[in-house]
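Me: Could you take me through one part of this structure up close, and then follow the connections outward from there? I'd enjoy a careful tour with the packing and backbone details included.

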Amino acid sequence: MTQNAITNAFFALHHGLPRQGPGSDATTRALLALAGELPARPRVLDLGCGPGRSALLLAAEAGAEVTAVDLHEPFLAELRAAADARGLGDRVRTVKADMGELPCPDGSFDLIWAESSAYSIGFDTALATWRRLLAPGGTLVVTECEWTTADPSGAARAFWDQHYPLRTTEENTRAALAAGYAVLGTVSQPESDWDEYYGPLGARADGADPGAPGMAEALAATRAEIAMRREHGAEFGYTGYVLRPAGGGWRTRPEAASGADRAAVRAVNAAAFPTEAEADLVDALREDPGAWLDGLSFVAEAPLTDGSNTPGGEVVAHALVTRCHVDGAPALCLAPVAVLPAYQGTGAGSAVVRAVLHAVRARGEQLVLVLGHPDYYPRFGFTPASAYGIRPSFEVPDEAMMALVLDRADTDGGVPVPSGTIAYPAAFGV
């Protein structure tokens, strides 16, 4: 029996099934929510799309223009028919291609989506190969089968070592960080996601003709896989990763101690706001040794015109964190955050905020406060400060005064979160 016959038998088993791997619309929506704000009509690349359950959801609910890639033309035909039936034919384009050798220009997509498909080229290869396709600020969503126990049984390990050696979430997270990604969030897929896949597949297997070419082998492998999940399902599962290239495709770095950087930071703040008040504020904070913290003034640079991510691009965004206090306890204040008008809405602002918050975490700080738009800052983990008993000395809408707690006493044994009135540096004038 040839391998081609067995492969064709596997495809025949899966034709007409809603999914080609564990998943659900609920998990797709949870991963999409973690991806954060997208452009009004995001360009999405769905890799290993199969019959396109995720592609259809992304087109319908995210308003996306989806390029759906698979090697099996009958799956793509199913997707085209389903898209036309739902009035989404103009939103979904199918491409028959190898996901490891994609015929797409660099920077083509705002979102790359790969549910239950990265295994075909390997998690590490997928992260390295697909990164070039992301536009600045773009996001990669990928699900990966992993060990959920530190000590899997011999039977489970033998099965997966033969098919696709698994790692733990910690190991895959380290791999993502080493590949140059920030981990925006993860989703552990529930057992019901496996049921959505194995239920229809098991029923199909029960009705299949074992005499068809390659089908006996395909059925044996399928039943062994389902039995492994039934007997050892507590030992492995799928985790969804929401990843973004560090800096979101932008180069982010601490402001250098140079006249050029100071001038660029002032220019960004002066251009981003109606007056030069924020630019003057940064200069005043810079001269206050009780407020200024070296290494917590960050800039984002636009990529160079040659497409490289090396130093020398235009400074297009700035985020500053300085020292403040809450009833005498040290805290931090995020302000201002500024982006050149031409680059607003491109992800440069989010990139520089995430970069400075990473630096804050590395310092071991506990609390960051921000007075800002309640639709923007929650994406970084900020929540209303009033929940912690923290308030400014002036009147502001409750939802606009937010806090990011980095070390919680009730979970990590850290210092209790201070409560009381915020004392800003004198330069703020409040």
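Reply: Let's begin with V44, whose bridge partner in β4 is L111. The model here is a predicted one. The two strands involved, β1 (residues 43-47) and β4 (residues 109-114), pair in the parallel sense over 3 bridges.

Stepping back, β1 and β4 belong to an open sheet of 7 strands, ordered β3-β2-β1-β4-β5-β7-β6, with mixed pairing. The edges are taken by β3 (92-96) and β6 (181-188); each has a single partner strand, so one side of each is left without a neighbour in the sheet. From one strand to the next, the twist averages 20°. As background, strands of a sheet pair through backbone hydrogen bonds, in either a parallel or an antiparallel way.

Helix α2 (residues 25-34) lies across part of this sheet, namely β4, β5 (134-147), β6 and β7 (236-245). Relative to β6, α2 runs at about 150°.

If you follow the chain beyond β4, you come to the loop between β4 and α5 (123-130), and S116 lies there. Its phi is near 55°, a positive value in a residue other than glycine. That is worth a pause, as most residues other than glycine have a negative phi. With a relative accessibility of 11%, S116 falls under the 20% cut-off and therefore counts as buried.

Now to the helices, starting with α8 (residues 191-207) and α9 (residues 215-232). Their axes come within 11 Å and cross at roughly 145°, and the crossing is left-handed. On the α8 side, the contact involves E191, W194, Y197, Y198, L201, G202, A205 and D206. These meet L219, T222, R223, E225, I226 and R229 of α9. By type, the residues of this contact divide into 7 nonpolar, 2 polar and 5 charged.

A second helix pair, α10 (259-272) with α11 (residues 277-286), has axes that come within 7 Å and also cross at roughly 145°. From α10, the contact draws on R262, V265, R266, N269 and A270, while α11 supplies E278, A279, D280, V282, D283 and R286. Here the division is 4 nonpolar, 1 polar and 6 charged.

Helix α11 rewards a closer look. Its buried residues are A279, L281, V282, L285 and R286. Seen down the axis of α11, they fall within an arc of 155°, so they line one face of the helix. The general pattern behind such a face is that an α-helix has 3.6 residues a turn, so residues three or four places apart point the same way. The buried residues of α11 pack against α10, and also against β10 (315-326) and β11 (329-339).

Those two strands bring us to the last pair of backbone details. D327 sits in the loop between β10 and β11. Like S116, whose phi is positive, D327 has a positive phi, near 45°, and is a residue other than glycine. How do they compare in burial? S116 is buried at 11%, whereas D327, at 54% relative accessibility, counts as exposed. Finally, P336 has its place in strand β11, and the peptide bond leading to P336 from A335 is cis, with omega near -5°. Most peptide bonds, by contrast, are trans.

Definitions and conventions:
Residues are numbered from 1 along each chain as its sequence is written. This is a predicted model: local features need pLDDT of at least 70, side-chain atom pairs count only at pLDDT 80 or more; totals for chains, interfaces and linings use all residues. Side-chain values use heavy atoms; hydrogens and water are left out. Axes are lines fitted to C-alpha atoms, for helices over the stretch in contact, and angles run from 0 to 180 degrees between N-to-C directions. Helices (H or I, at least four residues) and strands (E, at least two) are DSSP runs, numbered from the N terminus. A crossing is left-handed if the near helix is turned anticlockwise from the far one by less than a right angle, and right-handed if clockwise. Contact means heavy atoms within 4.5 Å. Ala, Val, Leu, Ile, Met, Phe, Trp, Tyr, Cys and Pro count as nonpolar, Asp, Glu, Lys and Arg as charged, and the others, Gly among them, as polar. Buried means under 20% relative accessible area, exposed over 50%, partly exposed in between (1.4 Å probe, protein chains only). The arc is that of the directions from the helix axis to the C-beta atoms. Two strands pair if DSSP finds at least two bridges between them.
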